[in-house]
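Grab a coffee and have a go at a couple of exercises on helix packing and sheet layout. Try each task yourself before reading the solution.

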Amino acid sequence: TISGANKNLIVDEVLREITGIRYDLFKQGYSHSARRVLFLYSFLFKLPPTVVISVPERLSGQLHADLPSAVRVLASDFGLRVIVDGSLNAIPPELLATVRETVFDVGPMSRNQIESIPEFEDFVGFRKTHHLDGPVWKVLGGSPARYLKLKETIDRLSLSNAATDTIVSGVKKHIGAVLSNALNQNVLSSSATTNEIIKLFREETKTTSKVSKGWLKQKGYLLENPNKVFHEVNISDRWYIEPVTSAVALIISENIQDDFQVDALLEKLFK
């Protein structure tokens, strides 16, 4: 679905996918056709059908999609099990307060988990052989998707028969670009309120990577959403504020202000 989508638009999109009908030529809606498909599905499989609604990140100033109303219609009127895939920035808070939802928070993977992914075996071996694994972990953290992007860079250079030194330089260039993006697209593009939180965070998190939501409130701040610098996380039933990525965390902790300092940080990491 899209940011700001109303209930009817979301429901129609789901029913259109269920029926496979792309155009409602007779303006009758998708409801009758969807009910027939769902009846047949339930009759054959004896289970409620499941649909997945993917919710993209909201940009600043965009409204939430009316997911609470849409999910209620899909579940109550059509008997669907609904999975909403999105971040806390994208999902309306009301959807997480119905007392009927189950929330699965897919957090970062550990370093061992990342390195145990079979598709990354050769990739991990190359990084360790050339002493790149430490700096790469510090910048990319526990996100397999970010490692996949780096692997694609290495694979592309390997296919072109590039020298080992060229591939190593490519890795460093990729990590530098991740840090530069974290600075320019996240930290430097943040609001005045988020800038104040960055200052507090830098002062208070010298020995930790997060602060409690209550502590931030006591300091007079609440996190703005959407936010490209920080997000809320629930750890053992306690709410915390932490940087959205490991790269952003490094930019904040090292007090990086421009791309020249990014270059210096990169040199320090791979020293």
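**Exercise 1: a helix pair**

Helix α6 (residues 133-140) packs with helix α8 (residues 164-187) at an angle of about 20°, and their axes are 10 Å apart. Keep in mind that this is a predicted model. Work out how α6 is oriented relative to α8, which residues make the contact, and how those residues divide into nonpolar, polar and charged.

*Solution*

Step 1. Start with the angle: about 20°. Angles under 35 degrees count as roughly parallel, so α6 is roughly parallel to α8.

Step 2. Now the handedness: α6 and α8 cross in a left-handed way.

Step 3. Next, list who touches whom. From α6 come Val136, Val139 and Leu140, while α8 brings Val171, Ile175, Val178 and Leu179.

Step 4. Sort the contact residues of α6 and α8 by type: 7 are nonpolar, with no polar and no charged ones.

**Exercise 2: a small set of strands**

Find the order of the 3 strands in the open sheet, say which strands stand at the edges, and place helix α9 against them.

*Solution*

Step 1. The order reads β3-β5-β4, with antiparallel pairing.

Step 2. β3 (211-212) and β4 (230-235) each have a single partner strand, so they stand at the edges and one side of each has no neighbour in the sheet.

Step 3. Zoom in on β4 and β5 (residues 238-243): 6 bridges join these antiparallel strands. As one example, Glu232 has Ile241 in β5 as its bridge partner.

Step 4. Finally, add helix α9 (residues 192-204), which lies across β3, β4 and β5 and runs at about 55° to β4.

Technical notes:
Residues numbered from 1 in each chain as written. Predicted model: local features only at pLDDT ≥ 70, side-chain atom pairs only at ≥ 80, totals over all residues. Heavy atoms only, no water. Pairing = 2+ DSSP bridges. Helix = DSSP H or I, 4+ residues; strand = E, 2+ residues; numbered from the N terminus. Contact = heavy atoms within 4.5 Å. Axes fitted to C-alpha atoms, helices over the stretch in contact; angles between N-to-C directions. Parallel < 35°, antiparallel > 145°, perpendicular 65-115°, else oblique. Left-handed = near helix turned anticlockwise from the far one by under 90°. Nonpolar A, V, L, I, M, F, W, Y, C, P; charged D, E, K, R; others polar.
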